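Thank you all for coming. I would like to take a few minutes to walk through one chain, going from a single helix outward to the contacts between distant parts, so please have the viewer open.

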Amino acid sequence: MTAISDHARPPLLVALPARPEPLSVEGGGPGALLRTLLRDGPAARTELVARTRLSPAAVSRHTAELIGLGLLRELPPRVSPPRAGRPQVPVAIDPGHHVACGVHIALEHMTFAVVDLLGRVTAQQRLPHPGGPRQVLEEIGRLLPGFLGRHAAGRSVLGLGVVTGGWVDAEQGTVIEHAPLGWRNVPVRRVLGATTRLPVHVDGHARALAHAELLFGAGAGRSDLVQLFVGNVVDAAIAAGGSVLRGRRSGAGDVAHLPLGHIGQACGCGRTGCLQTAVSELAVAERAFDSGTIPAPDFALLLDRARQGHHEALRVLRERLRTVGRAAALLLDVLNPELLVVVERTALTFPELLPDLYEEIAAQSHLCVDPERSVVPSSFGPHVLAVAAGSVVLDAVYRRPMELRTARSA
Ligand SMILES: [Zn+2]
């Protein structure tokens, strides 16, 4: 059990644009107002009028509605008002009433999390899981009430976010295909909605993290970014104009089988040379085990060996980063985003190896001239899976806050 007591918000890796534009009006005025306060911090109603370009009456009405829902709170009046008249009362996001619950499903483990409205992980727990879809969903239904009882006590749970890799249809709430897990057409929302009685949001973890970066991380105040997730599965997500692209049946962002690997490496899809076969933690660990670099096919052992300065382990990890760099270069050239965020354990564990990633991007990309600025590791460090899971719920809240009443009574 890991209960996180450090509520510090992860540092922004990239400075906000100098003069942020008013946010889109998706979800109407309340959503724009809430997202503006998240992006800019506490502000008085008059400041919100200027920043959102809503009318003073609309700002006043929406603020009252959002305070009523427990999403906003008033702060003490500012001590010395800039002009004569009523002192200005700033309003701010209120993280005290509501939390999101999240479950990330990886190949062998799942991560339970409680995440507050500011994207801070207040508790997380990593558990082994049995693998089969029915057993995993039963286990979640069995263990989640106890976890929430211990860690969300006294606060309302806005919903349950369930994220994993592979092809996830967010609209249907179904995992269509997660090849390494062996899951096909698993109706996660239907099953967990019935057992937990919470509103359930299901999505791919790369898309969830793209939302999280736009709300709480390096993408705050931006509208375009690409998220690249490299773990046991490899996924990408593309945000443009503040929205994350889903594609037909949520199929966008499948980069797992791009031909960026080595010709000789056979992939489960029937071809050879696929990106996922070259860089997935499982495949890299198996090859390192076969060559005698590590005593068991476990990626954590490879990281341990590298930490001890083992030459071959470091070479394997650097080669993997360079392959990730080729994938990043391709995405940068096709999409030319403001920012590309990489979730990858080597970069997280050994930031001193990042020059390998940057060099490969600079060598392969036609458009990206400054990979050190435009390619960054995830904002969420060791909490990345927890934040991904909670963000599916929080993204819905920040887009459509007025639907909260319905969700809570569901
Ligand atoms: Zn393949």
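Let me begin with a detail: at the start of α9, which backbone nitrogen does a side-chain oxygen of Asp298 reach? It is the backbone nitrogen of Ala300, and the side-chain oxygen of Asp298 comes to within 2.9 Å of that atom. I should say at once that what you see is a predicted model, and that everything I quote is computed from it.

Staying with α9, which covers residues 299–307, we find that Phe299, Leu302, Leu303 and Ala306 are buried. Viewed down the helix axis, the buried residues of α9 fall within an arc of 100 degrees, so they line one face of the helix. As a reminder of the background, an α-helix has 3.6 residues a turn, so residues three or four places apart point the same way. As for what that face meets, the buried residues of α9 pack against α8 (281–290), α10 (311–335) and α11 (345–349). After α9 comes Gly309, and its phi is positive, near 85 degrees.

One of those partners, α10, deserves a short stop at Leu335, which is placed in that helix. Leu335 is partly exposed, with a relative accessible area of 32%, and, not counting residues up to four places away in sequence, Leu335 touches Val226 and Ile238. Between Leu335 and Asp224 the C-alpha to C-alpha distance is 9.4 Å, although these two residues are 111 residues apart in sequence.

Now to the overall division of the chain. The assignment gives domain 1 (28–77 + 89–93), domain 2 (99–210 + 384–409) and domain 3 (222–378). Between domain 1 and domain 3, the C-alpha centres lie 40 Å apart.

The next topic is aromatic pairing, and here a search of the whole structure finds two pairs. In one of them, the ring centres of Phe112 and Phe147 are 5.6 Å apart and the planes stand at 70 degrees, so this pair is edge-to-face. Since Phe112 belongs to strand β5 (residues 109–116) and Phe147 to helix α4 (residues 133–151), the pair ties together parts that are 35 residues apart in sequence. Both Phe112 and Phe147 are buried. The other pair, formed by Phe216 and Tyr398, is also edge-to-face, with 6.3 Å from centre to centre and 75 degrees between the planes. This pair links distant parts of the chain, with Phe216 in helix α6 (residues 205–216) and Tyr398 in helix α14 (residues 384–399), 182 residues apart. Phe216 has a relative accessible area of 2% and counts as buried, and Tyr398, at 1%, is buried as well.

What else does α14 contribute at this place? Ser391 is found in helix α14 and is buried, with a relative accessible area of 1%. Leaving aside its neighbours within four places in sequence, Ser391 is in contact with Ala208, Ala212 and Phe216, and Phe216 is the residue we have just met as the ring partner of Tyr398. Asp395 lies in helix α14 too, and with a relative accessible area of 10% Asp395 is buried, because the cut-off for that class is under 20%. The side chain of Asp395 makes a polar contact of 3.2 Å with the side chain of His211, and, with neighbours within four places in sequence again left aside, the contacts of Asp395 are His211 and Leu215.

Two arginines are worth checking for their backbone angles. Arg53 is not a glycine, and yet its phi is positive, at about 60 degrees; Arg53 sits in the loop between α2 (45–52) and α3 (56–68) and is exposed, with a relative accessible area of 63%. Arg249, likewise not a glycine, has a positive phi of about 50 degrees; Arg249 is found in the loop between β14 (243–244) and α7 (275–279), and its relative accessible area of 47% makes it partly exposed.

Finally, a word on cysteines: how many disulfides does the count give? The count comes to zero. Cys101 is buried, with a relative accessible area of 0%, and Cys368 is buried at 9%.

Conventions: Residues numbered from 1 in each chain as written. Predicted model: local features only at pLDDT ≥ 70, side-chain atom pairs only at ≥ 80, totals over all residues. Heavy atoms only, no water. Phe/Tyr/Trp six-rings, centres within 6.5 Å; stacked < 30°, edge-to-face > 60°. Helix = DSSP H or I, 4+ residues; strand = E, 2+ residues; numbered from the N terminus. Buried < 20%, exposed > 50% of the residue type's maximum accessible area, 1.4 Å probe, protein only. Arc of directions from axis to C-beta. Contact = heavy atoms within 4.5 Å. Polar contact = N/O pair within 3.5 Å; in protein donor to acceptor, adjacent residues only side chain to side chain. Domains from an automatic or database assignment. Disulfide = S-S within 2.5 Å.
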